[in-house]
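Colleague: I have some labels to check before I use them. Can you take me through the reasoning behind each?

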Amino acid sequence: MSLFGQDRSFLHALPAADRRALLAEGAPRRYAPGEVMIRERDTSAYVLALLSGWSVVSVGTERGARLILALRGAGEVVGDLAAVDRGPRSATVTALGQVEAVAISGDRFRRFLAARPHATALIMRQLATRLRSADVERRSLASETVLQRLAARLVELAERAGRRAESGTVLELPLPQHDLAAAIGATREAVAKALRLLREQGVVRTAQRTVIVIDMPVLVLLAQGRPARETRPGRPGRQERPGRAHPGAHSSDEQPPPV
């Protein structure tokens, strides 16, 4: 499962002349942290080309919660599905921090694609990647524990948006616990419990809106659904003890202990 798009974003994959031509079709927009950029089920059709910052793509659930589908950053476009098929918005896009973008009308975006078959191919590849990711996500929700899904998300965030520090890998995206929960389809309480287990194992350290990955090899093992018996090279393997983190022990249905 992946929160991120392809390694090479749509704008960066375009030839420089085409990229300039596309951006010239729109108007600059700036969004404050937490501001809704695109709203689910809205009938607007503009496309946002992201120039800087990060945004969160999410959908509402029948229980009134939200599920985070993806993170989109500089060089990517959002809102392209509604522009292509002219249907209602399939998700909400919210600024995670300060975001700068260019808003392009659906008509202009479609004309741009019609005149450039290679750009159309890039959009189709992007949509196919998102569809495959959604299939993997459904399988993950059905077969993996909360701890395993959380470990996989943390590994991905560390690899794609992490900063190396003396203490470990600092996740640069300030996702609070409720957003981490929404990113793996779990409750906030279940994520808090899984994070506590990871802290007790010495795998991560947490602070306000900050996660530092201390033991990446063990986190990768947990993400793969394997027992966390192995540690970094040169350190003796730690034996699992009752209450320690292992991938098959906890599910989203479990209730956290009293705090």
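Modeller: Here are the labels, each set against its cut-off.

Modeller: One caution to begin with: this is a predicted model.

Colleague: What does the protein chain contain overall?

Modeller: The protein chain has nine helices and 12 strands. Of its 259 residues, 44% count as buried. The accessible surface comes to about 13300 Å², and carbon and sulfur atoms hold 51% of that.

Colleague: Why is Pro-176 called buried?

Modeller: Buried means under 20% relative accessible area. Pro-176 has 11% relative accessibility, so Pro-176 counts as buried. Its place is in the loop between strand 10 and helix 7.

Colleague: How far apart are Pro-176 and Arg-188, in sequence and in space?

Modeller: They are 12 residues apart in sequence. From C-alpha to C-alpha, the distance is 9.7 Å.

Colleague: What makes helix 6 roughly perpendicular to helix 7?

Modeller: The axes of helix 6 (residues 146–161) and helix 7 (residues 177–184) cross at roughly 105 degrees. They come within 10 Å. Angles of 65 to 115 degrees count as roughly perpendicular. The crossing angle therefore makes helix 6 roughly perpendicular to helix 7.

Colleague: Which residues make that contact?

Modeller: Helix 6 brings Val-146, Arg-149, Leu-150, Arg-153, Leu-154 and Leu-157. Helix 7 brings Leu-180, Ala-183 and Ile-184. By class, that is seven nonpolar, no polar and two charged residues.

Colleague: How do you know that strand 9 and strand 10 pair?

Modeller: Pairing needs at least two bridges. Strand 9 (residues 162–165) and strand 10 (residues 168–171) are joined by four, and they run antiparallel. One example is Arg-163, whose bridge partner in strand 10 is Val-170. The two strands form a hairpin with two residues between them.

Colleague: What makes strand 2 and strand 5 edge strands?

Modeller: Start with the sheet. It is an open sheet of four strands in the order 2-7-4-5, with antiparallel pairing. Strand 2 (36–38) and strand 5 (66–72) each pair on one side only, and these are the edge strands. From one strand to the next, the twist averages 35 degrees.

Colleague: How do you know that strand 4 pairs with strand 5?

Modeller: Again, at least two bridges are needed. Six join strand 4 (residues 55–60) to strand 5, and the two run antiparallel. Val-59 has Leu-67 as its bridge partner in strand 5.

Colleague: What share of the contacts join residues at least 24 apart in sequence?

Modeller: Among contacts between residues at least 6 apart in sequence, 68% do.

Methods: Residues numbered from 1 in each chain as written. Predicted model: local features only at pLDDT ≥ 70, side-chain atom pairs only at ≥ 80, totals over all residues. Heavy atoms only, no water. Axes fitted to C-alpha atoms, helices over the stretch in contact; angles between N-to-C directions. Parallel < 35°, antiparallel > 145°, perpendicular 65-115°, else oblique. Contact = heavy atoms within 4.5 Å. Nonpolar A, V, L, I, M, F, W, Y, C, P; charged D, E, K, R; others polar. Buried < 20%, exposed > 50% of the residue type's maximum accessible area, 1.4 Å probe, protein only. Areas by Shrake-Rupley, 256 points an atom, 1.4 Å probe, with all protein chains shown as cover.
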